[in-house]
Amino acid sequence: TAEGIRYPTSTAGDDYAGHITLVATFCLLWAAGGTLTEESRRKFDVAIREMASDVAVSYPAAETAFEYVMNYKSHGWMNWEEHNALKAEFNPEANTPYHKLIV
């Protein structure tokens with residue numbers, strides 16, 4: 001949506017520390033690894049998994065961590081392809097200036 005994802009604070013319940021860890025791990029993954037090549041991403045994936053092994057943030061083993069996005073409802077990860085908001089077609093209003101487009 002144009003407003004973005006709204007995260008109800010009541011969803012975390014008593015596990016807010018787990019949610020913070022989930023968000024921090026996701027942010028670290030993309031802030032430090034977002035511009036890496038595919039080969040370097042595989043190496044960084046190993047490092048992220050080792051760093052996150054002590055906390056309840058484990059990524060699914062099937063693919064690299066880059067293939068997953070946070071799932072707030074399950075307090076875990078889901079594949080980007082399962083994210084319904086990303087399946088919506090992008091149709092900006094006619095005559096919207098390029099600098100005002102938010103994808």
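pLDDT is the predictor's confidence in each residue, from 0 to 100. This is a predicted model, in which local features need pLDDT of at least 70 and side-chain atom pairs count only at pLDDT 80 or more, while totals for chains, interfaces and linings use all residues. Residues are numbered from 1 along each chain as its sequence is written, and side-chain values use heavy atoms, with hydrogens and water left out.

**Exercise 1.** Describe the order of helices and strands in the protein chain, and state where confidence is lowest and highest.

*Solution.* Begin with the elements, which are DSSP runs numbered from the N terminus (helices: H or I, at least four residues; strands: E, at least two). The protein chain has 2 helices and 2 strands, and along the sequence they follow the pattern α-α-β-β. Next, take confidence: the mean is lowest in helix 1, at 86, and highest in helix 2, at 90, whereas the protein chain averages a pLDDT of 81.

**Exercise 2.** Characterise the surroundings of Asn79, starting from whether Asn79 is buried or exposed.

*Solution.* First, locate Asn79 in strand 2, which spans residues 76–79. Second, compare its relative accessible area of 14% with the cut-offs (buried under 20%, exposed over 50%, partly exposed in between; 1.4 Å probe, protein chains only); Asn79 is therefore buried. Third, list its contacts (heavy atoms within 4.5 Å): leaving aside residues up to four places away in sequence, Asn79 touches Glu63, Glu67, Tyr68 and Val69.

**Exercise 3.** Which residues does Tyr59 touch, not counting residues up to four places away in sequence?

*Solution.* Applying that exclusion, one finds Thr25, Phe26, Leu29, Ile48, Arg49, Ala65, Tyr68 and Trp77.
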